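Biologist: I'm new to this one. Could you show me how to read its features?

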Amino acid sequence: FALIPYVKLPSSTPLISNGAVEGGLIAPLALRPADFIVTLMTEVDDLKSATSNNRYANFVNLVSVSHAVPGTEGINATVELFSSVGTDPGTPPVYTLDFGMNFRLSQHTILDVGVNLGLNSAAPKAQVYTGISARF
């Protein structure tokens with residue numbers, strides 16, 4: 001379990017910034033029943049409305065389950081349910097079903113790939129992602 005406060009500062013580029021200071025608190029909990037990892041996470045955000053200068057509370061929740069792929073070494077698969085629901089009437093809720101895998105390339109490097117599938121009209125139909133993490 002952890003409590004992770006965060007603050008987002010605006011950048012000088014309007015294409016990637018809404019010009020507002022925003023922040024919140026993330027509370028993840030990881031459980032390890034048998035050979036699985038179950039992650040429960042909740043997040044509360046203080047965000048600027050996209051349609052006005054008002055602020056609103058946004059609530060993110062997820063449940064994910066991951067497990068090593070049988071017969072492999074260093075490969076894990078994950079399934080996740082995600083929701084993001086806010087109090088701003090102009091911001092619709094987003095619900096997704098997500099699938100991912102990570103591959104341990106070395107002791108310090110992991111490759112992630114996955115797809116997030118939208119479960120409602122406000123969510124993108126599909127988002128493919130990839131990333132790499134390296135520990136120094």
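**Reading the pocket**

Modeller: Sure. By class, the largest pocket's lining has seven nonpolar, eight polar and four charged residues. Here Ala, Val, Leu, Ile, Met, Phe, Trp, Tyr, Cys and Pro count as nonpolar, Asp, Glu, Lys and Arg as charged, and the others, Gly among them, as polar. This is a predicted model: local features need pLDDT of at least 70, side-chain atom pairs count only at pLDDT 80 or more, and totals for chains, interfaces and linings use all residues. Residues are numbered from 1 along each chain as its sequence is written, and side-chain values use heavy atoms, with hydrogens and water left out.

Biologist: Which residues lie nearest the centre of the largest pocket?

Modeller: Generally, rolling a probe the size of a water molecule over the atoms shows where empty space is left. A pocket is an open set of points on a 1 Å grid over the protein atoms alone, where a 1.4 Å probe fits, with protein on both sides within 12 Å along at least five of seven lines; lining residues have an atom within 4 Å of a point. In this case, Ser64, Ser66, Thr78, Glu80 and Asn102 lie nearest the centre, out of 19 lining residues.

Biologist: Which strand gives the largest share of that lining?

Modeller: Strands are DSSP runs (E, at least two residues), numbered from the N terminus. Strand 6 gives the largest share, five residues. Strand 6 also forms a hairpin with strand 7, with two residues between them, and ten bridges join this antiparallel pair.

Biologist: Is Thr109 buried or exposed?

Modeller: Buried means under 20% relative accessible area, exposed over 50%. Thr109, in strand 7, is buried at 19%.

Conventions:
Helix = DSSP H or I, 4+ residues; strand = E, 2+ residues; numbered from the N terminus. Buried < 20%, exposed > 50% of the residue type's maximum accessible area, 1.4 Å probe, protein only. Pairing = 2+ DSSP bridges.
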